[in-house]
Structures are given as structure tokens and as C-alpha cells.
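Grab the sequence and the model, and let's work through a few exercises together. Each one sets a task and then walks through a solution.

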Amino acid sequence: MFVDINAYVGHWPFRKLVFNTLSGLDELAREYDITHMAVANVNGLFYKDANVANLELLRELEEYNGATKFVPFAIVNPTYPGWEKDAREMIEKGFCGFELAPRYHKYSLSPEMLYDMYSPVHRAGAVMQLAEELGVPVRICASFENFRQRSDLDTPDNISGDELFALLSKYENVTALLTSFSLLAVVGKLGDLVKARKNIYFDTTQGGMLDRAICRLALSRVPQEQICFGSLSPFNYIETNLLRTQLSDLDGEMIKKNGAKALGII
Amino acid sequence: MDIREKLEIFMENPVVAWHEHFWSTGDFKTLRVESADETMRMFELVGVDKVVASLPVNTIKRCEPEVFISANNVTNEAVKRYPGKVYGMAYVHPGYVKEAVAEIERCVLELGFVGIKLYYDYFMDDPVYAPIIEKCIELDIPILQHSMHVMDEPNKVRQPLVTDGVHMANAARRYPEATFVMGHFTVAEWEYSLKAIEDCPNVYTDMSGSVYDRPQMETAVRMLGAERILFGTDNSPSACVGKLLGARISEEDKKTILAGRAFNRFLERAGR
């Protein structure tokens, strides 16, 4: 089993993506014997009603007949009416987890921060509660493009370590997939929480793991059992993460399989 | 397929990395040997044969001549530590025109450096560069310019004079006999940068940098041709080796980029 926990279908408004369908991802995955990909529809970041994107992905899944097994995540916008009903329905229809996009849907992971100060409920917290009730993981992607290249119409901020800490420390029973986060910068702010919690996972998309010193530092902060293969396909070239997994001092075979545990598919 | 099988193209063909750095102590006086050895170990791991390196001085304050001279001596330490593998590029601050021109001559004629590396001290099309460019034309050496079209505010503040593709194109049209390299096209707004230099045959680019967006390489080859693209990593080997391996371009184009065929003459001359 070889699991990629960080993949998307859909369109990015600021540049043309290729391989951005399930068939396209399947083509990329099959070349390297990747058996499973956790996938969400990135259109859900931009549609006013994110669930329309989940339904698009559902239709694409119904028509798909490739070899790679896709593990679908529903993008949930807790600021939009009816989100809870939609989220429950997507799990009933076979989706395996929720994805939060706080920078695009304009709320914060922490109840203390500006966006949520005047909200009667902690919106990210409400999604976490639902995930806990349904026993599904929650995925949060730090960023889709490097901050130096983002369009003026895109969000300028990445999700901070402080915000993550505020959320994760409160909902300890929810499995969290934190994708495209820097294993050095952001994880450092989470402190001992990562080591204390076996259900917080990261991926390989950020970090120069071929450098032994960087690899050592990352592993001092994140146990290897909690690092999964992730490619951020189709935004990125998948080969970079294969090199990080197989040529660095990481245990490549373990990294390839860790995603199965994170996604609850073993 | 195992990614190591794909890596054979690096192992079986000449590979020159044209945009590299070996770091110094904070005073730009001494090579950090342990870090340099680790960098060379990584290059060996991924099959890089030759490394072209410089030590630009990362400061928004003016870089005094004694500092850039010292930085170039550090690069020369690396050249001597890894003979036949590492080649030098001279960094100069063009505001000190007389000293900068003299330093380029020293580095090329005495130390055997193969080109110059410019930082974000001025835009590439600023007239201050005229004597520098003319000296490079005279010595027939390439000008590698740190470049990116930055979109984020912190970098706009930190690097207010960072060159982008438009500045490169302006300079190239003014000096068609010069050889320019727009550094790390893959970083920041890369489609903008490529489009700006598309019609300037004397502007080459390198594919170094930590950003590995698909389909950067396919786009660059389509717009510029493989002959105008140089391999490099800027200390991000996994990102750069990965984007070349993953690119849906021909094997011949990959080999052209890896070998840096258009730039072979600069290395051959240094080896004599």
C-alpha cells in the first residue's frame, strides 16, 4: 500500500492546472505504484456554496474506473447555511473526511482571532465536533501556492502555528491531516502537542529532506510515524516528494504507508 | 516505477548545476566546510557532476568592496576544496563601479571564475550596470541575475529592487551581445517572468529554486526551448531534480538542460 494524503481535482483561478481530474491523478499515481490518494475538489474553496464542489467530486467518482483508489474529503465551509447537513450527507454518501479552508472561507481556526470574535460559535470547532461524532479525519492544507507568487486576488496569509495549536489542543480525539505545512517553521510552534498526539499527521510537500541536518531537525519535532507521503498534486510535481521519501534519511517504506493509518483505511 | 530508476538520466549524463551557493560564516570570511560537504554529498546523491557557485551578500545595506572581495574568496575556497567539480561566479555590488570591474577581472583572469552573479542591489536595466555588462561582454562571461516577479508584500519591502523578467529583457535588448541568465525562473510569478524574456534570445534562465509547480518545465521549454534553460538547484535539490524528472518533455530536452550545452564553453575555458 502506498498512500498520498494530499491531492486535488478542480480548477485553480490563478493558473492552469493539468492532470486535475481523477483520471489525470490516476495517471500520475500509477506511474509510481501509488495505490491510494486522498482527494478534495479545490473548486470548493471558491464556490459560495462549497458543497456544490463536493457533489461535483461525487459525480466524478461515480464515473471513474481507474486503478488508483481515491479517498474523498468534503470541503466544509462552516460560515455557510446548511453546512452541517451537507457535511453529514457527504459522509453518508461515502466521503471519508472533512477539509477546512479557513483562509478562503474567512474564519479562523482559533476562536480568539479576528474573524471569529463576533461569531456566536467557534466555527472550526463545530466542524471538529462533527468530525469527532462521525469518527472521520479533518484535513487542513497550509497553502496551495508559494506566498511569493500568489495573485493579488488570492489570500496572502498562511495558516499559523498558533491557530493550529488553539484548534488541535481542544479536539484531541479528531485525527488531523496537516498538509503542506513546513515541518520546521509551523511544527515548531506546535511544540510537544505533536509528539503527545499520535493522531496528528503531516506530509512531505515542504522541506529539503535530502539535507541530513534538516531531516534530523524535522524528525526531532515530528515522529516518523506521523509523516505521510503527500504530493499536493496536481499543483506540484509528484517526483520531488518521491525523492524526499526515498533518497533522504527518512524510512521511505514507512512514509509511503503512514497515510493508510492517517486515513483510517487499514 | 521506483523514482531511483528515473534518476538514471542524471547518473548517466553530464549534469551541471549553474545556480548554487556555498555558505560562509557571518562575516563572509570563511567557508562553512561542514555545510559545503553536505551540499556536495547531496549533489553526488542525485548525480550532479559540476557545480557553479557564488556567494552573494544578502544585505539591504550597501555591500562594501572588501566584503564582496572576501565573499568571492570564500567561493574560491570551495573551488579549491572540490577541484574539477566546483566553479566560481563573482558577486559584486555595482554601485562601486571601479572596484566591481576590478574584482570581476581578478576573479575571472586570476581565479578562473566563469561568470558573475548579481543580487537585488539594482534593477538589471539600471544604467549603473553599464560598465559591468560591458566588462562581461569583453571577457565573454555570463551574467547571472537573481530574479523574480514577487507578489507578496514582505518581499516587495525586503527586495525593492529585485529584478524581474521585464528588467532582464530591457537590459538584453540594450546589450544583444551580452549573455544574461534570469536566475530561478520557477520562483514567484514564473509565467510573467517567462513571458517577458520569451523573445530575447540572449536571456537564458535556470530552473533552480524551492518552488516546483507543475507544469513549469513544460511551459519553459515550450516558450524558450531547452537550449535556453540551465539546470540548477539554489540549494533545493529535491525540488529541482524532481521537477526535471516529472516534466513531460523529451529525454533529449532533459539532457540538453542537464548538460547546459549552450554554456559548455564557459566551463571548458575555465578548465584550461
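## Exercise 1: a helix pair in chain B

Helix α8 (residues 165-174) of chain B packs against helix α9 (residues 190-197) of chain B at an angle of about 15 degrees, with 8 Å between their axes. Work out how to describe this pair and what its contact is made of.

Before we solve it, some housekeeping. This is a predicted model, where local features need pLDDT of at least 70, side-chain atom pairs count only at pLDDT 80 or more, and totals for chains, interfaces and linings use all residues. Residues are numbered from 1 along each chain as its sequence is written, while chains are lettered from A and ligands numbered from 1 in the order in which they are written.

*Solution.*

Step 1: Pin down the terms. Helices (H or I, at least four residues) and strands (E, at least two) are DSSP runs, numbered from the N terminus. Axes are lines fitted to C-alpha atoms, for helices over the stretch in contact, with angles running from 0 to 180 degrees between N-to-C directions.

Step 2: Classify the angle. Under 35 degrees counts as roughly parallel, over 145 as roughly antiparallel, 65 to 115 as roughly perpendicular, and the rest as oblique. At about 15 degrees, α8(B) is therefore roughly parallel to α9(B).

Step 3: List the contact (C-beta atoms, placed from the backbone, within 7 Å). α8(B) brings B:Gly165, B:Val166, B:Met168 and B:Ala169, and α9(B) brings B:Tyr192, B:Ser193, B:Leu194, B:Lys195, B:Ala196 and B:Ile197.

Step 4: Sort by class. Ala, Val, Leu, Ile, Met, Phe, Trp, Tyr, Cys and Pro count as nonpolar, Asp, Glu, Lys and Arg as charged, and the others, Gly among them, as polar. The contact of α8(B) with α9(B) splits into 7 nonpolar, 2 polar and 1 charged.

## Exercise 2: another pair, same recipe

How do α4(B) and α5(B) lie relative to each other, and which residues make the contact?

*Solution.*

Step 1: Take the geometry. Helix α4 (residues 65-81) of chain B and helix α5 (residues 97-110) of chain B have axes that come within 11 Å and cross at roughly 15 degrees. That makes α4(B) roughly parallel to α5(B).

Step 2: Read off the residues. B:Pro65, B:Phe68, B:Ile69 and B:Asn72 of α4(B) meet B:Glu99, B:Glu103 and B:Cys107 of α5(B). By class, the contact of α4(B) with α5(B) has 4 nonpolar, 1 polar and 2 charged residues.

## Exercise 3: across the chains

Find which element of chain B gives the most to the side that touches chain A, then look at how α11(B) meets α10(A).

*Solution.*

Step 1: Count. 30 residues of chain B are in contact with 30 residues of chain A. On the chain B side, α1 (3-6), α3 (33-45), α9 and α11 each give two or more residues.

Step 2: Pick the top contributor. α11(B) gives the most, with 8 residues. The chain B side that touches chain A divides into 17 nonpolar, 5 polar and 8 charged residues.

Step 3: Zoom in. The axes of helix α10 (residues 238-246) of chain A and helix α11 (residues 237-246) of chain B come within 7 Å and cross at roughly 130 degrees. That makes α10(A) oblique to α11(B). A:Ile238, A:Glu239, A:Thr240, A:Leu243 and A:Arg244 in α10(A) meet B:Ser238, B:Ala239, B:Val241, B:Gly242, B:Lys243, B:Leu245 and B:Gly246 in α11(B).

## Exercise 4: backbone oddities

Most residues other than glycine have a negative phi, and most peptide bonds are trans. Locate some exceptions and say whether B:His184 and B:Asp234 are buried or exposed.

*Solution.*

Step 1: Cis bonds. The bond from A:Ser233 to A:Pro234 is cis, with omega near 5 degrees, and A:Pro234 lies in the loop between β8 (227-228) and α10 of chain A. In chain B, a cis peptide bond joins B:Arg214 and B:Pro215, with omega about 5 degrees.

Step 2: Positive phi. B:His184 has a phi of about 35 degrees, though it is not a glycine. B:Asp234, also not a glycine, has a positive phi of about 50 degrees.

Step 3: Burial. A residue is buried if 20 or more other C-beta atoms, placed from the backbone, lie within 10 Å of its own, exposed if 12 or fewer, and partly exposed in between. B:His184 is buried because it has 26 other C-beta atoms within 10 Å. B:Asp234 is buried too, with 22 other C-beta atoms within 10 Å.

How values were computed. Two residues are in contact if their C-beta atoms, placed from the backbone, lie within 7 Å.
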